[in-house]
Every structure is written in C-alpha cells, then in structure tokens.
Amino acid sequence: MAEPLLVVEDLHAWYGEAHVLHGMHFSVRTGEVVTLLGRNGAGKTTTLKAILGIVPRRSGSVRFEGQELVGLPPHRIARLGIAWCPEERGIFASLDVQENLLLPPVVAEGGLSSAAIFELFPNLRERLSSQGTKLSGGEQQMLAIARILRTGARLLLLDEPTEGLAPVIVQQIGRTIRRLKEQGFTILLVEQNFRFAAKLADRHYIVEHGRVVDEIAATELGPGQERLVAYLAV
Amino acid sequence: MAELLGIPAPVLFGQLLLGLINGAFYAILSLGLAVIFGLLNIINFTHGAQYMMGAFTAWMLLNHLGLGYWWALLLAPLLVGFTGILIERLLLKRLAGLDHLYGLLLTFGLALVIQGLFRNEFGSTGLPYAIPPELRGGQNLGFMFLPNYRAWVVGVSLAVCLATWLVIEKTRLGSYLRAATENPTLVQAMGIDVPRMVTLTYGFGVALAAFAGVLAAPIYQVSPLMGADLIIVVFAVVVIGGMGSILGSIVTGFGLGVIEGLTKVFWPEASSTVIFVIMAIVLLLRPAGLFGRSG
Ligand SMILES: Nc1ncnc2c1ncn2[C@@H]1O[C@H](COP(=O)(O)OP(=O)(O)OP(=O)(O)O)[C@@H](O)[C@H]1O
Ligand SMILES: [Mg+2]
C-alpha cells in the first residue's frame, strides 16, 4: 500500500527551553478529513506549525508525498502544496480584502477560480475593497479559508475555524469543508468543538501533552464517542 | 522690485527653492529609512554613510573610470545597494528578534567605521563634482532665477518617491511587502521567500540613499561627513512623519524642507532648530508621528 499523503513520526518541537511536542505520530491519507482534538495547550497548533516549519526548533520526521519536510525552510514547504489557515486568522490590516485574497502565491494548478470562491463565500464579493480587518469575525474566517483555496495546495491545515463564531456561520463553514472534501482536498483540522468535528471527519486523533494518545475512526462512533467525551471533558 | 510680506520676491522664492531641495533629500532618505524599518525593524543609522558612499561612488566613477553623472546615477545605487545586501546577509540577519538597541548599535558603529575609512582615504576637505553639462544654466522665471540642476533634483526626487509609494501601495510586490511587515511568519508560510525579501528591501533602501548621494554631489561638496550632518535632521523628519510610514516620510520630508526654507527668510536664527522644535511638539501631541499608527 502506498504511503499516506502526510506522515508525521516522532515529531518534537520546542519554544526556547519549553519542550512542547513530545513525539507526535499520525498520518493523513489523500482525500481524508482528519482532526486533532485536545484540550487547551495540548500542542495542536504547535503541531501544525511544526509541519509548516515555523516553530523555533523541531526534530523527527514529517513526510509529504514521500518528501521529508524537516530541514526545509517554510516557503519551500508551502510551495509543495500545503496551506495553512491560522487560529488567529491572520487577515492583514494594511491590505484590502481583494489583496488579502490574492496574497498567497499559486503553488500548483487546480486551485479554485474566483467564481468558485465567491460561490462558496458570497459575502466576500461585496467587500472586496474593504480593509481586511474591517470585516466581521465570520467574514475574516471565510477570507482566511478562501485565500488558501486559490493556490492549488491540496493539503489544508485548518486551525479551529469555528472558534468564537455564531452557529449559522459554523454551519456554513461545516458545509464548506464537506464540499472541499468532495472536491478532493485533504484536510487536517484542529478543533475544540468536537460535535462539529464529529460530523465531518473520517478519523480523530486525541492529543495530550504533545503526544497522540488515541485514534478514533468515525465508523466506531458509539463507543468512540464516549471515549472522545471522556478525553475532552474538562 | 516686487515684494511679498515685506520680503523681496527673489529672496522668498530662492529660499523656498532651497527648502524644496533640502526637502527632496529629506524625503528620499527618510523614505529609505521607513521601508527598512517597516520590514527589518531596524533603525538604519548607517543611512547617512550610505548616502555619502553614493556621492563618493559618483566621484570615483568619474575620476578613475571616466564615467559621468548619468552612469553614476545608475551604477552608484546598484553598487552601494550591493554593499547593503552584504551587510544584511553578514550582519543584520543575526540581529533578527533581538531588541532594537542591537540594530541601533550595529548600524551606528558601521556608520562610524565607514566614515572613518573614507576620511582616511580622502581627507575631510570636500571634493568638487561638476554639474553635468546637460543640466547647467537655468531659467529666468521673471520673479526668480531657477537653476536647471536644482529643478531636476526636485523633480526626479519627487518622481522616485512617488514611484516607490505606488509600488508599495498598488502592486502585488507591494502587498507582499506590506503583509510581511505585519506578519512575516504567515507570509513565509504562504510560500514567499521572506528572508530574501528582507535582504532585497535593505538593499533597496540603501540604494535610495546612494541615489540621493549622487544627486547631492554637484550641489554640496563630496565629503566623508556629508551624510553625518544631514542624517540627524532626517531622523527628526522620520520621527515627525511617523516611524515606518511611507507616505508620511515623503510628505513630511518635502514639507519640513519648505518650512525650514521659509524660516530662513522670516527668522534666520531659528532655521537650524525649527525642525527639532516641531519634532518636540509632535512627540508631545502625537507620539506615533503625524502619519504613524499608534499602538
Ligand atoms: N510562542 C510560544 N512560546 C512559548 N510557548 C508557547 C508558544 N506557543 C505555545 N506555547 C506553549 O506550547 C503549548 C502548546 O500550545 P499550542 O498553542 O500548540 O496548544 P493548542 O493545543 O493549540 O491549544 P489551544 O486549544 O488553546 O489553541 C502550551 O503550553 C503553550 O503555552
Ligand atoms: Mg491552538
């Protein structure tokens, strides 16, 4: 059997002296939606950053389409077709919506056209000349997702895309992720909202203290769901 | 003879022109500082020395290679900009993430070293540099005599400043630059080679300083300390305009040049301090500068 699209093995990461990831192991196959679930501070965001090469120090192995990423600078990693939607959204105040949307360079063929993007996020079309940070929280989140869909990247790293948003917008983002999956995107999703994640994902990894402690497939929903709730119970 | 506010018109307009010329140099130099500060978070105290290097490069191109003013205008920014690229790669790069103070100390020390080297080689008396033949002479405008070279300096400075502003505000490259100024990590994670952009940006800012140096060579004498005197005023301009603001540095540069020139007419004793007085007032009322975003 061919190797999965993304394979993470024994991944460690540090912020200065703080050792945050202690040997993460997981993988994502082409076309899957996979979540990383875990409590605050478990290391989910750091895992995405370590894949992208933007933590101060990391070791271990991250392979994408068989190519080792540890050791590559971040811009080379992005060019291989990995795109990131950060937890804080990262909309630029000194750019208008149009410039924010066009900012990430196209890295491969097959990205969504502008028409397709505006079909997914009709609100953005009317706001193109607004300053990026003048958008509402929900619109900023849509913009942050929209801009990585044009680039042709096939692996999307989404960090808590529903955090702090109204239920209607959470539903819209859920529909969007489902449609992206249908279109063949591979998605690694970090979530705290497990009821949201449970409806979308093929598999869940539970992260605790910088390690993967369990893996639950969507198909073992009954007993799996109890385990999930137990892990996430505060 | 015509008079305005009791001042003979030729005197008034003459000082206004001088003010515009100084303002042109303030604008180009503070623009370079603003671009560098935005992306590198470094206050480039070497800027005055790099302006001087531009003027000396023009002088050396002429006296050693026989290449005149127009070649110098092209080559000096490239050559001095290249030394800037080396400085960024070899030295400034190591300061990333450290306190502002380190950048200040390094670039200030570099300025002293560079000025010392040039003084050792060329002495401290100024060297003359002739106005190119195409730009000699002038126009009689009726109310004043306008030397062609001075008109050229004001015009070309304005053009360079506006072109730089347009590139930064209206092009794709400019949107990379603005975005990387806000959040370099995210921009690099989108696939843009931010470290290379930082290096080239420093090189560009330095090239602007060298360009100003070539423009200045026929007006002021070419001397090792020509930048040291000017740059103090330029830093005041930067503070007034707002650290890192592109448009602010252009408008403030020209504006303060004119104010300085007019002060020379109405209250000559105050002309060398007026900019610093304005700086103090602006710092009290708007600490982020006239065009700066506070916070
Ligand atoms: N820039 C940083 N410098 C130092 N420590 C950090 C930094 N960023 C995160 N940490 C620490 O690393 C650990 C993991 O943080 P991380 O952001 O990866 O958690 P998370 O699982 O994404 O949490 P959340 O659900 O709150 O987003 C935490 O203990 C956090 O305090
Ligand atoms: Mg997080």
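Colleague: Which members of the largest nonpolar core touch the most other members?

Modeller: A nonpolar core is a set of buried Ala, Val, Leu, Ile, Met, Phe, Trp, Tyr and Cys residues joined through side-chain atoms within 4.5 Å. Buried means under 20% relative accessible area, exposed over 50%, and partly exposed in between (1.4 Å probe, protein chains only). In this structure the largest core has 127 residues, and those touching the most other members are Leu6(A), Phe26(A), Leu188(A), Phe25(B) and Leu215(B). Helix α1 of chain B (residues 9–40) supplies the largest share of this core, 15 residues. Helices (H or I, at least four residues) and strands (E, at least two) are DSSP runs, numbered from the N terminus. A second, separate core has 35 residues, including Val97(A), Leu143(A), Leu156(A) and Leu158(A).

Colleague: Before we go on, how should I read the numbering and the values?

Modeller: Residues are numbered from 1 along each chain as its sequence is written, while chains are lettered from A and ligands numbered from 1 in the order in which they are written. This is a predicted model, in which local features need pLDDT of at least 70, side-chain atom pairs count only at pLDDT 80 or more, and totals for chains, interfaces and linings use all residues; side-chain values use heavy atoms, with hydrogens and water left out.

Colleague: Back to the core, then. What is Phe25(B) in contact with?

Modeller: Contact means heavy atoms within 4.5 Å. Leaving aside neighbours within four places in sequence, Phe25(B) contacts Tyr51(B), Val153(B), Ala212(B), Leu215(B), Ala216(B), Ile219(B), Tyr220(B) and Leu230(B).

Colleague: Leu215(B) turns up again. Which polar atom of Tyr149(B) should I look at beside Leu215(B), one from the side chain or one from the backbone?

Modeller: A polar contact is a pair of N or O atoms within 3.5 Å; within protein, one must be able to donate a hydrogen and the other to accept it, and residues adjacent in sequence count only if both atoms are side-chain atoms. Look at the side chain of Tyr149(B): one of its polar atoms lies 2.7 Å from the backbone oxygen of Leu215(B). The side chain of Tyr149(B) also makes a polar contact with that of Tyr69(B), at 2.8 Å. Tyr149(B) sits in helix α5 of chain B and is buried, at 2% relative accessible area.

Colleague: Now the metal. Which protein atoms are donors of the magnesium ion?

Modeller: Donors are N, O and S atoms within 2.8 Å of the metal (3.2 Å for Na, K and Ca); water is not among the atoms, so sites may look incomplete. For the magnesium ion, ligand 2, the protein donors are Thr45(A) through OG1 and Glu87(A) through OE, lying 1.9 to 2.5 Å from the ion. The two are 42 residues apart: Thr45(A) belongs to helix α1 of chain A (residues 44–52), and Glu87(A) to the loop between β6 (82–85) and α3 (97–102). Glu87(A) is partly exposed, with a relative accessible area of 24%.

Colleague: How many residues surround ligand 1?

Modeller: A residue is near a molecule or strand if one of its heavy atoms lies within 4 Å of it. Ligand 1 is surrounded by 13 residues, of which the closest are Lys44(A), Thr45(A), Thr46(A), Glu87(A) and Gln192(A). A polar side-chain atom of Gln192(A) is 2.6 Å from an oxygen atom of ligand 1, and one from Glu87(A) is 2.8 Å from an oxygen atom of this ligand. Gly41(A) contributes a polar backbone atom, 2.8 Å from an oxygen atom of ligand 1.

Colleague: What about backbone angles? Where does Arg89(A) lie?

Modeller: Arg89(A) lies in the loop between β6 and α3 of chain A. Its phi is near 75°, a positive value in a residue other than glycine, and Arg89(A) is buried, at 14% relative accessible area. Glu160(A) also has a positive phi, near 45°; Glu160(A) is in the loop between β7 (155–159) and α7 (167–182) of chain A.

Colleague: One last helix: what do the buried residues of α6(B) pack against?

Modeller: They pack against α3 of chain A together with α1, α5, α7 (184–189) and α8 (194–216) of chain B. At the start of α6(B), a side-chain oxygen of Thr171(B) comes to within 3.0 Å of the backbone nitrogen of Gly174(B). Ile168(B), in helix α5 of chain B, touches several residues beyond four places in sequence, among them Gly174(B), Leu177(B) and Ile246(B).
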